[in-house]
Amino acid sequence: MSDATPPSALPPFYAGRDATALVETSAPASDLPVYTPSRRRSVMTTASRTPRQEQLKEFVYDIKRKGKAVASMTILAEASYSKHIPTFLEGLPVKGRVQLNLEKADVIQSVVVSIQGKIIAGANPNQHLTFVEVSSTLWSQDEGHPRNLSETNAALFPTISSPSSRAGSSNTSASSAGTGLGLGKFNGKLQGEYTWDFSLDMPREVAIPHGRRKEIGMFSPPQTFNERHGSVSINYEVSVRFSRGKWQTDYIIPVPFGYIPTARPPPFLDLRRLAYQEGVPLVGPTVDLEGWHRIDPVMLNGTIFNNRAVNVGCTLFLAKPLSYTRGSLIPFCLRLESHDEQALDLLSAPKAIVVRLRRRIKYHFDSERTPGAHHLRDTVDHSDRAVLWPSTEGSEDSSKQLRFLNGELHLTPDTKPSSAMANFRIEYFFILFPFEAAGFEPIEIKPIIEQSVEIVTFYAPGPRPRKYAPPGYESETQVRTNSYTVPEIISLT
């Protein structure tokens with residue numbers, strides 16, 4: 001058995017038929033929020049791509065015999081977002097080359113490179129779902145004897161003798177090294193060095209059955225997702241298989257790679273775009289009626305100081321559109337209304353208001369042991385608290401029964417984007433939790449307002465979002481984990 005030897009930053013690979021690697025990455029591009037992963041064994045090369053200079057990074061993986069590589073695969077990926085593992089943006093091909101270096105003659109029947117995308121929810125095969133599967137045969141015996149590098153060099157430079165040269169015409173280009181010579185089916189053994197380039201396109205959409213009725217739906221491949229304590233992961237792998245003779249173990253090199261969808265929010269509405277361009281504060285919801293999503297008011301009921309019942313109306317406004325780029329922020333405005341000025345003063349203190357982003361990861365899977373059963377695994381966590389500060393919005397009101405606050409919920413650059421693939425979902429909700437004010441006791445301890453939002457990877461065309469939180473209103477740094485019980489759901493619509 002031969003061992004595949006990738007860089008040691010990754011889990012070990014094995015030259016077997018079921019080698020699988022689970023590696024996750026998050027990465028930036030020129031208009032993505034900047035954040036970093038990292039990697040070691042690499043060689044930097046450059047190539048031109050309009051409209052900017054692309055810098056490619058090589059990731060090399062091989063199988064060794066007696067300390068010498070007999071088969072290898074090199075992956076070429078954009079260096080700026082391929083630190084830990086090769087990473088590809090939606091719309092870009094998975095590119096590289098594979099090589100054989102056979103000192104002794106060996107039977108090789110075919111060379112096939114493939115990419116796979118899988119949802120993995122457990123060790124059992126019935127908890128795996130392959131949603132992307134693309135392959136390409138780089139060479140097979142049916143194509144004739146492949147040209148090795150020595151033969152190619154002899155064809156290109158016939159004045160230079162090569163002891164291992166056997167065949168080849170003088171009009172063969174170097175790029176054809178490894179392709180068949182077209183002399184009929186080849187049944188012999190290979191010896192020497194052979195190289196095949198490859199380029200495989202990731203599909204932008206795939207048709208996958210989902211739901212109880214297994215209806216076919218169209219889905220976009222989600223970002224690589226593999227969190228340490230998660231119950232489900234999204235993994236992509238490119239592999240090459242050198243099929244060998246009878247009773248011989250195939251050479252297989254599996255390589256995990258990262259995938260980032262290029263999802264953008266719709267363009268900002270006019271007044272918000274103008275505010276970002278001019279560097280001035282956003283126009284609030286009392287003036288810019290079209291620029292804010294108004295959530296129906298809710299009544300907050302409770303007691304203050306254990307002796308007086310209070311009722312406070314809450315209206316939340318979120319900046320439109322309800323799609324936000326990770327690494328940026330979610331602007332919002334909160335309106336509080338009550339006849340009780342003391343209650344208003346108490347509850348309008350910025351530190352009394354708890355706003356977080358909730359992430360819910362859902363995955364249904366079928367169990368072969370219980371046909372027809374559908375299970376839902378939900379993992380829920382929350383972001384840091386949003387930042388709020390007093391607003392001048394509504395200052396013309398003389399009744400003193402209104403309070404307005406501006407707010408920003410800052411999204412970390414490594415926030416996973418909203419995703420849907422078959423029965424897998426990553427969903428986000430903007431949550432207003434019960435107020436935390438000294439002397440105030442709410443009647444119900446549950447979220448007050450919950451609004452679904454979308455998180456994407458790229459910025460909208462035009463100006464970037466700005467932070468307006470005044471000095472002294474910094475966000476907290478400690479992430480608070482989920483404190484609400486998520487019920488198991490058995491039915492699946």
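This tour moves through the salt bridges and strand pairings of a predicted model, one selection at a time.

**Strand β6 and its neighbours**

Begin by selecting strand β6, which covers residues 94-106, and then add strand β4, residues 68-78, which pairs with β6 in the antiparallel sense over six bridges. To find a point of contact within this pairing, pick Ser72 and look across to Gln99, its bridge partner in β6. Next bring in strand β9, residues 190-200, which pairs with β6 in the antiparallel sense as well, here over ten bridges. Within that pairing, the residue to select is Leu100, whose bridge partner in β9 is Tyr194.

**From β6 to β3**

Keep β6 displayed and show the side chains of Arg97 and Glu58, which meet in a salt bridge with an N to O distance of 3.3 Å. This pair links distant parts of the chain, since Arg97 belongs to β6 whereas Glu58 belongs to strand β3, residues 52-65, and the two residues are 39 residues apart. If you colour by accessibility, Arg97 should appear as partly exposed, with a relative accessible area of 24%, while Glu58 is buried, with a relative accessible area of 11%.

**From β6 to β12**

Now move to Asp106, which forms a salt bridge with Arg244, the closest N and O atoms lying 3.0 Å apart. Because Asp106 lies in strand β6 and Arg244 in strand β12, residues 233-244, the pair ties together parts that are 138 residues apart in sequence. Are these two residues, Asp106 and Arg244, buried or exposed? Both Asp106 and Arg244 are buried, so that each has a relative accessible area under 20%.

**Arg335 and Glu337**

Leave the strands visited so far and select Arg335 together with Glu337, whose side chains meet in a salt bridge at 3.0 Å, N to O. With the solvent-accessible surface switched on, Glu337 counts as partly exposed at 38% relative accessibility, and Arg335 likewise counts as partly exposed, at 25%.

**A network of four residues**

For the last selection, take Glu227, Arg359, Asp381 and Lys416 as a single group, and display their side chains together. Which residues does this network hold, and what joins them? Glu227, Arg359, Asp381 and Lys416 are joined into one network by salt bridges that share partners. To place these stops in context, a search of the whole structure finds 18 salt bridges, among them the Arg97 and Glu58 pair with which the salt-bridge part of the tour began.

Terms used:
Residues numbered from 1 in each chain as written. Predicted model: local features only at pLDDT ≥ 70, side-chain atom pairs only at ≥ 80, totals over all residues. Heavy atoms only, no water. Helix = DSSP H or I, 4+ residues; strand = E, 2+ residues; numbered from the N terminus. Buried < 20%, exposed > 50% of the residue type's maximum accessible area, 1.4 Å probe, protein only. Pairing = 2+ DSSP bridges.
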